[in-house]
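Please look through the structure shown here with an eye to its interior, its pocket and one acidic side chain.

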Amino acid sequence: SLRRGSDLAARFDGGVVVTVAQGMDEEATLRFANVLLERVREQHIHHPRSAVQRYVTVSAGVVSVVPGKDEAEAVLLERARAALKSAKESGRNCAVTG
């Protein structure tokens, strides 16, 4: 799903994967996240130990910003973590903006 040379996906913290895609507003970023979620669901990867779903699903915390000169990346990551927490609390298998 990441097709542009500027797109990046990396394991970040434990089981968290961070995806960075440039040049999208919040609406486009949310659509992109939902495409990623759908692609994971389409794989039907069995999850035998899950008490929530039979197959692996993904929750996404989505943030879209135009970084300022003095903005720290820690602020962006904190917003993304809060959005991810909200997605998990909303029942998982969804994308939430932060």
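The paragraphs below take up the nonpolar core, the largest pocket and then aspartate 7.

The model is a predicted one, and a convenient place to begin is its largest nonpolar core, which consists of five residues, namely Ala33, Leu37, Ala60, Val62 and Ala95. Two elements, α1 (26-42) and β3 (60-62), each give two or more residues to this core. Within the core, alanine 33 touches Ala60, Val62 and Ala95, when residues up to four places away in sequence are not counted. In soluble globular proteins, nonpolar side chains tend to be buried together.

The largest pocket holds about 1,600 Å³ of space. Its lining comprises 50 residues, of which Val17, Val18, Thr19, Ala60 and Gly61 are the closest to the pocket centre. The elements giving two or more residues to this lining are β1 (8-13), β2 (16-20), α1, β3 and α2 (73-89), and among the elements α2 gives the most, with eight residues. Sorted by class, the lining has 31 nonpolar, 13 polar and six charged residues.

Where does aspartate 7 lie? Aspartate 7 is found in the segment before β1, and it counts as buried because its relative accessible area is 13%, under the 20% cut-off. Its side chain makes a polar contact with the side chain of arginine 4 at 2.9 Å, and the aspartate 7 side chain also reaches the backbone nitrogen of arginine 3, at 3.5 Å. Beyond its neighbours within four places in sequence, aspartate 7 is in contact with Leu2, Val20, Ala21 and Gln22.

Note on methods. Residues numbered from 1 in each chain as written. Predicted model: local features only at pLDDT ≥ 70, side-chain atom pairs only at ≥ 80, totals over all residues. Heavy atoms only, no water. Core = buried A, V, L, I, M, F, W, Y, C linked by side-chain atoms within 4.5 Å. Buried < 20%, exposed > 50% of the residue type's maximum accessible area, 1.4 Å probe, protein only. Helix = DSSP H or I, 4+ residues; strand = E, 2+ residues; numbered from the N terminus. Contact = heavy atoms within 4.5 Å. 1 Å grid on protein atoms, 1.4 Å probe; cavity = no way out; pocket = protein on both sides within 12 Å on 5 of 7 lines; lining within 4 Å. Points joined across faces, edges and corners; volume = space filled by probe spheres on them. Nonpolar A, V, L, I, M, F, W, Y, C, P; charged D, E, K, R; others polar. Polar contact = N/O pair within 3.5 Å; in protein donor to acceptor, adjacent residues only side chain to side chain.
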